[in-house]
Each structure stands twice: as structure tokens, then as C-alpha cells.
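Colleague: Could you take me through one part of this model slowly, as you would for someone in their first year? I'd like to look closely at a single helix and then at what sits around it.

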Amino acid sequence: MDDRRAAGGHPGCLEPREARAGQAADGRQHRDPRSSSCGGRKRGTPKEAPGRSRGGFPTRIHLRVNGAGLPMRTGITPGQDSDYTGYDLVMADNLPQSAVLVADGGYDSDKIREDIESRNALPMIPMRKNLKVRKAVDMTIYTLRNVVERCFNKLKNSRRLATRYDKTADSFLGFIDIACIRLWLRHLAT
């Protein structure tokens, strides 16, 4: 054995035991105590749409539903994101234009109202309570929002969709689309 290397040292280590005395003992099998520089480390915001909350990792499902209660467009966002971010996902230009857009209070913003009015539709979105300038909402039309809630109820009859078993956002959104197709097939079969 080389006299510069102490017994029990790392095979590639040529410094004497006294020089390494101040270092912590390392139980790794490799020379370098650091983690490997290769491999895919996660950086930035996650792209898989699970959000952060006290209850776990929720995901918001955004739906655009027609008058018959059938889904026209779907999208998902992390649970901590605002509903504003999901609006652009479901409002595509290639779908038939509606005369009235009914949405819950989470979609109440001036930008969304302006976009709906630019599409020649009437926004039926209740105002937030802290706004001074109030816009009236026709409550007989707004009660039709339960059509969207009933569509969510039908979609969440699928246990896989209600509990989000899927890890990736693509597979979860794909299963949402499968559940939507199932609703359309049931509607067309009757």
C-alpha cells in the first residue's frame, strides 16, 4: 500500500487520514460525496397541474358546456390558480358562439367581461362584493348555471376522474375527454 494513503480510505483518495480528519465520515460507495450531476432534476413550476393546498394536491377542471349540458371544451389548471387562467383554455374561437355566457363568480373580471362582450354575448357573472360599480345579473338566466354543475356531477361519477389517479396532466385530461365522449354518446343514443 502507498504510504500516503491510509488504511480504510477511499480507493482514489491519496490524502492521509490526518488531512481528512476534519471531514465528516461518508457512507457512500463513491468517491464524491455529492449527488450525481446527471439525471433529470425538477426545476421551475410543475407542468402536471397538481396544485398545493392544505388538503393535498387539487386540480381544477374547467368546462365549457352547451345548453343541453354537454361538454364542449375542457381544460385543467393547478388548484391554487385562479379561475381567470382557465378561461382562456375553454374559450376557443372555433366553437359556435353563444348568446349568453353564464359563469360563477370566480370568472368575474373586467378582461373576461370585455372578451365576452367582444364575442357579441351577454355575460351573466355575479359581481364580487367588494366592487363599487355593480352590474345587474338576471337571476332567471343565472339559474341555468346548474347545467354546468350537473355536467360536473355526471363526469365525477367516474371514480378515476373524481380522485385523480393519473400522475401526468396529459393522461388526466385524456380521461376527462373520454368521460366527455361517454356523455355525448349517451346523449346521441337517446
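Modeller: Happy to, and keep in mind that this is a predicted model. Let's start with the outside of helix H2: the face turned away from its buried side carries the exposed residues Asp-110, Lys-111, Glu-114 and Ser-118. Now turn to the other side, where Ile-112, Arg-113 and Ile-116 are buried. Those three cover an arc of only 100° around the axis, which puts them on the same side of H2. There's a simple rule behind this kind of pattern: an α-helix has 3.6 residues a turn, so residues three or four places apart point the same way.

What covers the buried residues of H2? The cover includes H1, E3 and strand E4 (122-124).

H1 is worth a look of its own. Its buried residues are Asp-83, Gly-86, Tyr-87 and Val-90. They span an arc of only 120° around the axis, which puts them on the same side of H1. As for partners, the buried residues of H1 pack against E1, strand E2 (71-78) and helix H2 (110-118).

Now walk off the end of H2. In the loop between H2 and E4 you find Arg-119. Is Arg-119 buried or exposed? Its relative accessibility is 15%, and since buried means under 20%, Arg-119 counts as buried. If you skip its neighbours within four places in sequence, Arg-119 is in contact with Tyr-87, Met-91, Ala-92, Asp-93 and Gln-97. Tyr-87 you have already met, as one of the buried residues of H1. Asn-120 also follows H2, and its phi is positive, near 60°.

Arg-119 leads us to some empty space. A general idea helps here: rolling a probe the size of a water molecule over the atoms shows where empty space is left. The structure holds one cavity of 30 Å³ or more, and the largest cavity has a volume of about 30 Å³. Its lining is made of Arg-64, Met-91, Gln-97, Ser-98, Leu-101, Ile-116, Arg-119 and Ala-121. So which kinds of residue are these? Four are nonpolar, two polar and two charged. Notice Ile-116 in that lining, which is also one of the buried residues of H2.

Arg-64 takes us on to the largest pocket, which has about 810 Å³ of space. Of the 31 residues lining this pocket, Leu-63, Arg-64, Val-65, Val-102 and Val-148 are the closest to its centre. The elements that give two or more residues to the lining are E1, helix H1 (83-90), strand E3 (100-102) and H4. E1 supplies the largest share, six residues. The lining divides into 20 nonpolar, five polar and six charged residues.

Stay with Val-148 for a moment. It has its place in helix H4, and with a relative accessible area of 19%, Val-148 is buried. Val-148 and Ala-68 are 80 residues apart in sequence, yet 9.6 Å separates them in space, C-alpha to C-alpha.

Leu-63 opens another door, the largest nonpolar core. Among its 18 residues, Ile-61, Leu-63, Leu-155, Leu-161 and Ile-176 touch the most other members. Two or more residues come from each of strand E1 (59-65), helix H4 (146-155) and helix H6 (169-189). H6 gives the most to this core, with seven residues. To see what one member touches, take Ile-61: leaving aside its neighbours within four places in sequence, Ile-61 is in contact with Gly-75, Ile-76, Phe-152, Lys-156, Leu-161, Phe-172 and Ile-176. A second, separate core of 10 residues includes Tyr-87, Val-90, Ala-103 and Ile-112. That brings us back to where we began, since Ile-112 is among the buried residues of H2, while Tyr-87 and Val-90 are among those of H1.

Last, step back to the whole chain. The protein has six helices and four strands, and from the N terminus on its elements run β-β-α-β-α-β-α-α-α-α. Buried residues make up 31% of the 190 residues. Among contacts between residues at least 6 apart in sequence, 40% join residues at least 24 apart.

Note on methods
Residues numbered from 1 in each chain as written. Predicted model: local features only at pLDDT ≥ 70, side-chain atom pairs only at ≥ 80, totals over all residues. Heavy atoms only, no water. Core = buried A, V, L, I, M, F, W, Y, C linked by side-chain atoms within 4.5 Å. Buried < 20%, exposed > 50% of the residue type's maximum accessible area, 1.4 Å probe, protein only. Contact = heavy atoms within 4.5 Å. 1 Å grid on protein atoms, 1.4 Å probe; cavity = no way out; pocket = protein on both sides within 12 Å on 5 of 7 lines; lining within 4 Å. Points joined across faces, edges and corners; volume = space filled by probe spheres on them. Nonpolar A, V, L, I, M, F, W, Y, C, P; charged D, E, K, R; others polar. Arc of directions from axis to C-beta.
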